[in-house]
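The following note sets out a colleague's remarks on the structure below. The points are numbered for ease of reference.

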Amino acid sequence: MVKKNRRFLLLIAALALVIAVLVVLLLFRGRSPGGSRDFMSEVTMSEVEQELKTEAFPAVDWTNVFENHKGSVITKKTAVQIVEQLGAADYIEVPGRGKRHVLTREEWCGLYDQLLDYLDMTDVVQKTDILILDTVEAKEQGILVTNEGDFTTVLNLAGFEKWKSYEVYHVENRCIGMAGYADQEVSVKNAYLKECTSGSISFLYDGAAYEKSMEPAPQLSAGVYDFLFLGGEIVTIREKKDKIYGNLLSYDAEIIEIQGYGKVDHENRIPVYQIFDGVVEKSISDVVLGNMEATYVTGEGQVCAILLEKPASIANIRVLLLAEGDKFREDVWIKATEEADVSYGDQKSVLTPGELLQTSGFFGEEAAETLTVSTKTPEGRLYLCDAAGEAMTNAYRGTFEVRRYAQGSAVVNVLPFEEYLYGVVPSEMPASYAPEALKVQAVCARSYAYRQLMAADLAAYGAHIDDSTSYQVYNKVAPSESTTAAVNATAGQVITADGEVVEAYYFSTSMGYTGTADVWNITDTDRYQYLQKKCLNESEFAGDLSKEEDFAAYIATSPNGYDSGIKFYRWQAAGNITDQTAKVQEILENRYQVVPQSVLIYRDNESEALSSPAALGALLSVSAEERNPSGALICLHLQYENGYAKVKTEYNIRKVLGAFTETVTYADGSVNEDVTMLPSAYCTVEAGENGSLRFVGGGYGHGIGMSQNGANGMAKSGKSYDEILRFFYEGIEIETIKNESD
């Protein structure tokens, strides 16, 4: 009897222990060691909410579903409500035995996949395998740094482990949920392996450096590799061995063009690794077009990565020659002053002196090659002609590249950097100006061109810049002895600030003062500290030019200064606001598309921002709202019947005021009746009767940096070019850059 009771008590104790263990397991079910919920078990309602509140299920009100749910995880009861809310109850069955059944992640994701298949017709929600490289905590949402780019998320970052692979749901770059661990290999493609040490490897990828433990560490040399991960470990390493060498000539979203090789497809993201002076990751914009020998790592017929093994050596500049403002021409005719080599793919021929070459004969319907015309010697010159053979341009040095696009042919002039300046200086400043002023122009033009060359905004067309005022006017006036001498006398000289070549902005004529970069409505004004307000008059104005009354008093006078003898120094304009609503609307809409932050359009209560003033009714008035310390208008107010617009940047303001302007009368009495924009934004705005307007202003151009006429006045007074440069640009140095021809 005692033994039986003992057995019974032991059985009761064992049963109690099992129950206690089960209770503990239930209490901590779905909890990770760190106390956060394990994403691999149950799915939280906050995650479900993220997955449902997307464009995949538009116009669905989920309020009742989430307010009526009890608990923190998804249950069958709530899942049924979700399916019913979406009208899919007749097609989709919710798993689980009872209403209180807590869905596993596998069950919920299977159900969610069915909902997406049934309702997400445009594939708003994508499902992708990602490798977690890092996680970053942020204020309102976290960031998953992955092999597929960065994803923002409000999910608990503790659920994502570094080097593990997951299958996630996302809308563009926003991770809204997790389906589970990825069961396929996930790759880090085109990483740069820096070194393998005892038990680890280090590599660069997508702008960051990583170190991954690996036992045993493989014996690999530095280079570009693909790393394949599975289960948190590297399981395969593939080296990219194939390479192409040469200068980069052009690139766009699909194609890279390499000098001497041609055009090659590339992957969407091309990593660029600089491997001299240490190993750092760069961007393709750091590959100096046409002036930097590089190594192109290839795989499967595509460029996978670019290696920079030495710095750029500036030799040539590539200029897109516009046809009346257009990049493209229907056809191109070329003449040469001496024998010239013509090359198109494998075709080679010689153009005789004076012979007319029609380039369209070389291009088929799907032409992808570039036609090149180069004179036999540097003394040879090329001309763009019309169909009759008459030269339409001044003579060009260097080489012509005729590039074929769907829109037509684009012509790029490739020539030595210094020789390019031979065509810029006379086009930007009269050859009759004082020699020291021409030197100033040469240094400014070289500095500006250098910056634009490094940026290569027109890389898609095989060019650094074009020949218009968007960059610098080039070869519109033939070189003269004086302008060429100015370029040669300052060979290689550029303006620098804090060790960097600056954008040496210049303009025609001041109104007695130069301005600052705030006229462009930019936030990063620190980079333009060398552009400060400068007085070119014999004495400073005593008032505050940012105040309307003081500016009006100043601009009504004509004090003596370095450019006060120029007709643009003072001017008056007459116009009318009547019936100009449609014209101004077109300008504002166009400028909004270019720089939306500089065209602000509101209804009267300022609660609704618009992209067009079309709904505001008739334009009633225009007035000056704000000036900077130099007196330039930096905000113009346009009052409409049902709202108003604020126009910012000197260009936009000049363009809008130009729409009202009928005539501009300059200081010498000459009149301009063909006005599209005011000479400058340094002006008053005065309203008269019957919609009439009067503007009193001074200067010509944006007013920032060097006044060309002011520089000429200073040169005539005996100042040297370096003194003039240091006057207009504050805190600068004048340095000499080396190029390949030195």
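1. In this predicted model, salt bridges link E257, R318, E401 and R403 into a network. Within that network, R318 and E401 meet through their side chains, with an N to O distance of 2.4 Å. The two residues belong to distant parts of the chain: R318 is in strand β18 (residues 316-321), E401 is in strand β25 (residues 399-405), and their positions lie 83 residues apart in the numbering. Are R318 and E401 buried or exposed? Both R318 and E401 are buried.

2. The structure holds 24 salt bridges in total. One of them joins E167 to K127, with 4.0 Å between the closest N and O atoms. E167 is located in strand β4 (residues 165-171) and K127 in strand β1 (residues 126-136), so this salt bridge ties together parts of the chain that are 40 residues apart in sequence. E167 is partly exposed, its relative accessible area being 26%. K127 likewise counts as partly exposed, at 37% relative accessibility.

3. The strands that carry this pair are also joined through the backbone. β1 and β4 run antiparallel and are connected by six bridges. Across these strands, V168 of β4 stands opposite T128. The E167 and K127 side chains thus form their salt bridge between strands β4 and β1, which are antiparallel partners. In general terms, the strands of a sheet pair through backbone hydrogen bonds, in either a parallel or an antiparallel manner.

4. Strand β1 has a further partner in strand β2 (residues 142-146), to which four bridges join it in an antiparallel arrangement. T135 has L144 of β2 as its bridge partner. The connection from β1 to β2 is a hairpin through five residues.

5. A further salt bridge is formed by D341 and K376, whose closest N and O atoms are 2.7 Å apart. Here a strand is linked to a loop: D341 is in strand β20 (residues 340-344), whereas K376 is in the loop between β23 (370-375) and β24, and the two are 35 residues apart. What is the relative accessible area of D341? The value for D341 is 33%, and the residue is partly exposed. K376 also counts as partly exposed, with a relative accessibility of 44%.

6. Strand β24 takes part in an open sheet of three strands, in the order β22-β19-β24, with antiparallel pairing. The edge strands are β22 (357-358) and β24 (382-385), each of which pairs on one side only. Strand β19 (residues 333-336) runs antiparallel to β22 and is joined to it by two bridges. In that pairing, W333 has Q358 of β22 as its bridge partner.

7. A second open sheet merits separate comment. It contains five strands in the order β38-β37-β31-β40-β39, and the pairing is antiparallel. Why is one side of β38 and of β39 left without a neighbour in the sheet? β38 (671-672) and β39 (683-687) stand at the edges with a single partner strand each, so neither has a neighbouring strand on its other side. Strand β31 (residues 571-576) is joined by five bridges to strand β37 (residues 661-666), and these two strands run antiparallel. Among the residues involved, W571 has Y666 of β37 as its bridge partner.

8. On the surface, K70, K77, K99 and R100 form a positive patch. Of these residues, K77 lies in helix α4 (residues 76-85). K77 is partly exposed, at a relative accessible area of 48%, and therefore passes the accessibility cut-off for patch residues, which is over 30%.

9. A last remark concerns helix α5 (residues 105-119), in which E106 is found. E106 is exposed, with a relative accessible area of 71%. What distance separates the C-alpha atoms of E106 and S41? These C-alpha atoms are separated by 8.2 Å, while E106 and S41 are 65 residues apart along the chain.

Conventions:
Residues are numbered from 1 along each chain as its sequence is written. This is a predicted model: local features need pLDDT of at least 70, side-chain atom pairs count only at pLDDT 80 or more; totals for chains, interfaces and linings use all residues. Side-chain values use heavy atoms; hydrogens and water are left out. Two strands pair if DSSP finds at least two bridges between them. Patches are made of residues with over 30% relative accessible area and no salt bridge: like charges are joined within 9 Å, nonpolar side chains (Val, Leu, Ile, Met, Phe, Trp, Tyr) within 5 Å. Accessible areas come from the Shrake-Rupley method with a 1.4 Å probe; for residues, only the protein chains shown count as cover. Lys and Arg count as positive and Asp and Glu as negative; His and the chain ends are not counted. The place of a charge is taken as NZ of Lys, CZ of Arg, CG of Asp or CD of Glu. Buried means under 20% relative accessible area, exposed over 50%, partly exposed in between (1.4 Å probe, protein chains only).
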